[in-house]
Every structure is written in structure tokens, then in C-alpha cells.
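Trainee: I would like a close look at a single strand and at what surrounds that strand. Please go through it step by step, and then place it in the wider model.

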2 protein chains.
Amino acid sequence: MKQITGGVTAAKGFYAASCEANIKYENRTDMALVYSEVPCRVAGVFTSNVVKAACVMWDKEIVAGGQTAQAVVVNSGIANACTGKQGYDCCEAVAQAAAEDLGISGKEVLVASTGVIGKQLPVDKMVAGVHRLTEAKEAGPDAGTRAAEAIMTTDTVSKQTAVQVEIGGRTVTVGGMCKGSGMIHPNMCTMLAFVTTDAAISRELLQKALSADVKDTFNMISVDGDTSTNDTLLVLANGLAGNEEITEEGEDYNRFLEALHLVNETLAKKMAGDGEGATALFEAKVIHARNKEDAKLLAKSVISSSLTKAAIFGHDANWGRILCAMGYSGAKFDPEKVELTVASKSGSIVLCKSGMEADYSEEEASRILKDEEVTVIIDMHDGDAKATAWGCDLSYDYVKINADYRS
Amino acid sequence: MKQITGGVTAAKGFYAASCEANIKYENRTDMALVYSEVPCRVAGVFTSNVVKAACVMWDKEIVAGGQTAQAVVVNSGIANACTGKQGYDCCEAVAQAAAEDLGISGKEVLVASTGVIGKQLPVDKMVAGVHRLTEAKEAGPDAGTRAAEAIMTTDTVSKQTAVQVEIGGRTVTVGGMCKGSGMIHPNMCTMLAFVTTDAAISRELLQKALSADVKDTFNMISVDGDTSTNDTLLVLANGLAGNEEITEEGEDYNRFLEALHLVNETLAKKMAGDGEGATALFEAKVIHARNKEDAKLLAKSVISSSLTKAAIFGHDANWGRILCAMGYSGAKFDPEKVELTVASKSGSIVLCKSGMEADYSEEEASRILKDEEVTVIIDMHDGDAKATAWGCDLSYDYVKINADYRS
């Protein structure tokens, strides 16, 4: 398996486009299209929030119905959440406009939105945007990059990745893009992520792979504990790689799962590291836990703790907050077995042994914590299970961004 | 029932003291004593964190054993958490020193600590502090106030309250003090709170009253979602009011419960309003919910949401974040029935009706949100249950305080 450049247009037969539709922002692109030249199997996971955006309801129907899909239309600026029937009608109008331009059915067009909650989307601007997108669609990495840029909100960088893997003697490509930043504490998956692949795989196995992998990737990140109304992760598989269709679990399925996992994990980490106001990616790696479930609870609790996140921002080796966050995670464990190590590319240092303070230099620990990617290794000395979660530090800028996000 | 001035020394027979023991801070008091001239029935609730401070383990044994207690020794600066056997031995030494001075048993002395996790308490300084406290103990409101000041960490104001109620023809007083600020997301109760009363009440009913009431008071506040290792709430009842001992539920019990509730609620609200970096007390009042449990989940989720808290700090009527936080609370509800109103002493305004944006003025809403106490009224239009939770806004200062708390 190898990492390649590109994102949603890396796999064969996928096109993308972006445009300035002036939905809410000015002087920047705010709509994107992903299009496949042939129909795709589609799998998706969506927010577990009771309050679901209109576009989530639209997409869930398509994914649950087992139809094929050929296009995704995305806008940033307004989330189309808490918008009632008018919001749903807008999804339909957008899908219908795209379908007519592309010569496909409206039910083959997925839609996604991100931005402020409670405002109605301007249908006319959205439909006008759709026409420009379908006209502008292109193959190649630049089109994918522009699409990744158009879906950003408070993100500071666009996020995409792609990998290639050999399956049944054919080169299969899996690529994706996502946006994150705030309101990130995915329960089914995170805000918006789109993965495309030319793998030939049955819809059932595509959904199975996605549902399994999301638990170790998108569901293991958090920026602020807020589970969005719009979380959507879609995977489109158009089969153009020409591999024999994957219809059962086995070697081919496992290779596809590995590629999907690498794309999902890379996108999820990019999202965590670019959390609103973040200055560092904060990784918690739990090892030697009693079982997988506890390992996940522990890792996620640590990266979600406001106090720990603030300490990371301050480069302060305040390991007591880490142990405290583990203690309220819901996992059962013996605090007196716990060993905590912080690590980054500048080195590593043990802060806590047998649940008590280790003999370490605060200066050395602080130097290690100054890096852009910081890991805390949590050794439970209690079994074989492990899990990793990703978050970011809590900075002044998180507050600044969210105290006046709408204004 | 009437509110009176004072705190832990308001009830008959209670004394308090404070001293500078130089545990961690300099030039401020950092140890406090609460003492009753006669033995007290004692009830307590403690943190649900798996990682429990040594003092929590010490106190739990006393409360569970059903012994009487006559004194509480508290220090700020170091939490005595993650300190192993050495930490527990320190509790014993402190209790023993106090017991000898006061002519009581070591097992009648409760201890509590708050501050940084993972550091050992200096036993010599603690014991020297105990001697000064037992010598300096005094009746009267000033001694209570000084005790409340000595237990502060990042609190900006000391917190105490007291009420009087007639029970069986006698005046019963209930008073208390607490400290809060950060690592506040109580699961059994919050960081440190001490309530004293001269009511005569059986130990069983005292514990029953406390365990019931904490669910609607201390367990309904949050500053940052972090459940501390040290959360301790103790109630000492010395019986000196001379009422006929309350040994069963009935009118007397209910009157005592009302007084206890008012003290607990007042202390809990003070703690939330003085959360680290807070500029406002943020109250979420859920009404017309399907059931009490859902009402509590909804209220607590809203005041715990980082995004909503940041919006309150920015005086931004970003009601979509409130609905979003309700959606991931775990409560089941129909978003299309929800009505949201913000209110403060400057007025009130409906932001959301039937789950969608109401017609309101952003300027007017922002003006209402500028007050020091802000309430969001969440009308579920779905039943008769209600619940209230208290939190605070999320400000730059929260980050500042916690990025360099230890340094």
C-alpha cells in the first residue's frame, strides 16, 4: 500500500469542481461537487444527534435505500439544520438541478452542508451554484484540492489524502477529503468527509467496512465534545479499478479495509490537528488495557478533557489531569498500575509510574510538549488491548473563534 | 424559611479557624478547620472518579462506618491525589494531630484537600497548621468567612450561605461553604463543600436527604466537564437546635430538606457562576419535558457545551448550538416542538419556535445576554417534567488559568 497525492479525484473516473456561490461567505469558494462518470455503490455513516440537518435526512434515505449514487453537492456557510420542511425542499431542489445537468436521477445526488445552524439556505443561489459546478467539473488532483478548499469553514487548511493498494492484480485507489474544526466529537462520524474509490465492492461490504472502521478513526477524535447536527461520512465506490468485485470477507476485503482505514485515519487526524484554535495535535495511545472498550474510553476521555487540553496548550506536564480524566472515563482500572509517558519528535519522558509522580525534569517535559504533535502513552499494565484517540489543545483562539462565529 | 448571613459557623455550636500553613501558596491562608463542640451525625457524598484522593478514601470510611465526627481539617494548594500510601498516612497524621488537640478520636476528624494532583502534602507543615487551627478556633460569622477564604484555589470569591427554618417549634440553622472553580463536573457532588446544621436528625435520614438533594443541586452544575478526584460534600449535624430528633420522613424531615436544598442550591450556583474565567452564570431551565431524567440530561448537556458556553461569552444568541447540545444529550425528543427563550434581568426574548428560528432582534438578544446571570428557558412542549442546571461561559481566562495553573 502506498500513499499518493490527491484526494477525491485520485480514484479512476472521479471528477470534482468548486465555485463561489455567495451562500454566506464572500470572495471565496463555498460549493463543491464530486462526480463519478459511472454509478457508485454508496455507504454512509451519519450523526447520532437527535437534531439532524435536512441534508443528513436526505442522504440517509439514499444510503438506506441501497440505490447507487453518482454525485455529491456540498456547501459551506449554512448547515441547513433546524430548517424544517423548507430545508428538506432545498435539498431536493439542489439534487434535482444537479441530476438534470448530469443526466442522472435526483435520488442519485447526495447533498451535504456545513456552517451556521438555523438559517435557511438561499435556494436560488444554491441552484445557480449547481449549474456552475456541473459545468466546471474536471478530473485530476487540482479539482480535488479546490473541492476540499470550498467545503472549509473555520478550518485553517484543506484536508485530503489518497492511497493505492493492489487487489486481485489491479491497482485500487482510495482517496478522500474532509472538513472539521469545531463541533467535533463524532458519534457516528465527523462533520463532513467524502471518500471515493474505484474498487469494485458490493454495497453490503462497503457499508460493513465503513461502519467498522469509523469506530477506530472518526469516532476517536474530538475537538470540543460537541456532536454536530451534520456529521456525514460518505464513501462512493465506482468499480473502475477492474478488480473482481469484492463480495465476501477475505484477503481482498482485508486489503481494501486497510486502504480505507489509512485514508480515514489520516483524514481524522488532520481534522483533530486542525481543531478550532489548535496549536498541536494531541494523541492519546492506551496500551496494555484490560479490553478494547476500556482502552477506547480511556483514550477518548483524555483527549476530550478541557483541563488536559489547556495544559497541552501551556506545555505543562500536568499528568494529574490525565489520570483524573481516565478516572471519570467510565473504564474500570487500578490507578496504581498506571504509567504515563509523553512523547514527541523531541523525545519522550515518563511522568507517572505506579499511579504516582515519577522523577522527571519539568523543563525537559515542557520541551517535549512544545512540538506540533504530542503523544501521551498510557500504559495500563493490565492486559493486551490498545486504542488511540486524537484531539487538540485548547487555546485562546478556540474561545475567540466561537465567541463570535456568527458575527 | 429565611436566608441569614454566615456559613459553617451559623448553626449553634460550630466553630471555625483558618491559618497560613504555606502548603503551596504564600501570603494567604491555606488551611481551615470546622469544629463542633459536641459530636455530629455525618453524611457525605464523594467523587465517582476511579482515581480518588487519599482524603476521599479517609472520609468515605468514616461516613460509611456510621461514626460521629466533630471536626473537618481542609487544605488548599495540593490535592493529595495520586499520592499512594504516603498520602493516606498524611491524612492519618493530620487527623491524629487534630484529635489530640481537641480531645477526640482520630476517626472523628474528617480531612479534605484541593489543589494540584500528584504532589505529596508536607506533613510537618500540615501538622503545624493543625495546631494553630485548633488554638485559633472561634464561633461567629467572621471565623466562618475566614475558613471559606482559606479553602479557595482559583476561586475569585469565597462562597458561603445559611438559612433558618422552624422545625418542631425550634429554630434550626443550616449553613455551608464551598470552593469550586475548575475541574467541576460533579458526578456525586462537587469539589469541596461543607454544610453544618444544629438540627437533630438521625444519621440515616441525614444521608438520605443529602443523597437525594445532591442530584438536583451539585450534580447539576458544570464548569468544564472534568470530574475531580477530590469531590467531597460533607454535612455535619450536631443536634443543638433542640428539635425533637427527626427519625422518619414527614413534615419535619421535609422542612429540613427544604433548608438543606436551599443551602446546597445556593452554594452550587455560586460555584457555577465563579467557574474558572467565567463572566456569567449560565442557567438552563428545561420545562414541559417528557420525564425528569430527560429534563436533567437536556439541561446539563446545554450548560456543558463548549460551543454554547463560548457563544454566551460572546453575547451571541447562537440558539442552534443549544438545540445541537440537546440533540446529543441522550434524551429523546421531537426537535420540532422545541421553543427556546433567553432571559436575564434585562428582559427575555424567544429565539426558536417549533425547532426553527423565531423572528427576533439580534441586538435585543445580545443586550439580554450581556447580564451577569443568563437563563435559557427550554420548553419541550411534551409533558410536565422540569430540571435546571447551572454552568458558566467559556472565556479566554479559562484557558489562561489552566494553561499555567501549576507554574
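Mentor: What follows takes one strand of chain B, then the relation between the chains, and then chain A.

The model is a predicted one. The strand to look at is β6 of chain B, which spans residues 159-167. Is this strand buried or exposed? Of its nine residues, seven are buried, so the rest of the structure largely encloses β6(B). A residue counts as buried here if 20 or more other C-beta atoms lie within 10 Å of its own.

Which strands pair with β6(B)? One is strand β1 of chain B, residues 2-4, which runs antiparallel to β6(B) and is joined to it by three bridges. Within this pairing, B:Ile4 has B:Ala162 of β6(B) as its bridge partner. Another is strand β7 of chain B, residues 170-179, again antiparallel, with nine bridges to β6(B). In that pairing B:Val165 faces B:Val172 of β7(B). The connection between β6(B) and β7(B) is a hairpin with two residues between the strands. B:Gly168 sits in the turn and has a positive phi of about 55°.

Now the relation between the chains. Chain A superposes on chain B with an RMSD of 0.0 Å after a rotation of 180° and 0.0 Å of shift along the axis. The two copies are therefore related as by a two-fold rotation axis. On the chain A side, A:Tyr396 has the C-alpha nearest that axis, at 2.6 Å. Both copies use the same surface, since 100% of the contact residues of chain A recur in chain B.

Next, the layout of chain A. The domain assignment divides chain A into domain 1 (2-273) and domain 2 (281-403). The C-alpha centres of these two domains of chain A are 32 Å apart. Where the domains of chain A meet, eleven residues of domain 1 are in contact with 13 residues of domain 2. The domain 1 side of this contact consists of five nonpolar, five polar and one charged residues.

One residue of chain A remains to be placed. A:Arg367 belongs to helix α10 of chain A, residues 362-368. A:Arg367 has 15 other C-beta atoms within 10 Å and is therefore partly exposed. Along the chain, A:Arg367 and A:His315 are 52 residues apart, while their C-alpha atoms are separated by 7.6 Å.

Technical notes. Residues are numbered from 1 along each chain as its sequence is written. Chains are lettered from A and ligands numbered from 1 in the order in which they are written. This is a predicted model: local features need pLDDT of at least 70, side-chain atom pairs count only at pLDDT 80 or more; totals for chains, interfaces and linings use all residues. Domain bounds come from an automatic or database domain assignment. Two residues are in contact if their C-beta atoms, placed from the backbone, lie within 7 Å. Ala, Val, Leu, Ile, Met, Phe, Trp, Tyr, Cys and Pro count as nonpolar, Asp, Glu, Lys and Arg as charged, and the others, Gly among them, as polar. Copies are superposed by least squares on the C-alpha atoms of residues with pLDDT of at least 70 in both. A residue is buried if 20 or more other C-beta atoms lie within 10 Å of its own, exposed if 12 or fewer, and partly exposed in between; C-beta atoms are placed from the backbone. Helices (H or I, at least four residues) and strands (E, at least two) are DSSP runs, numbered from the N terminus. Two strands pair if DSSP finds at least two bridges between them.
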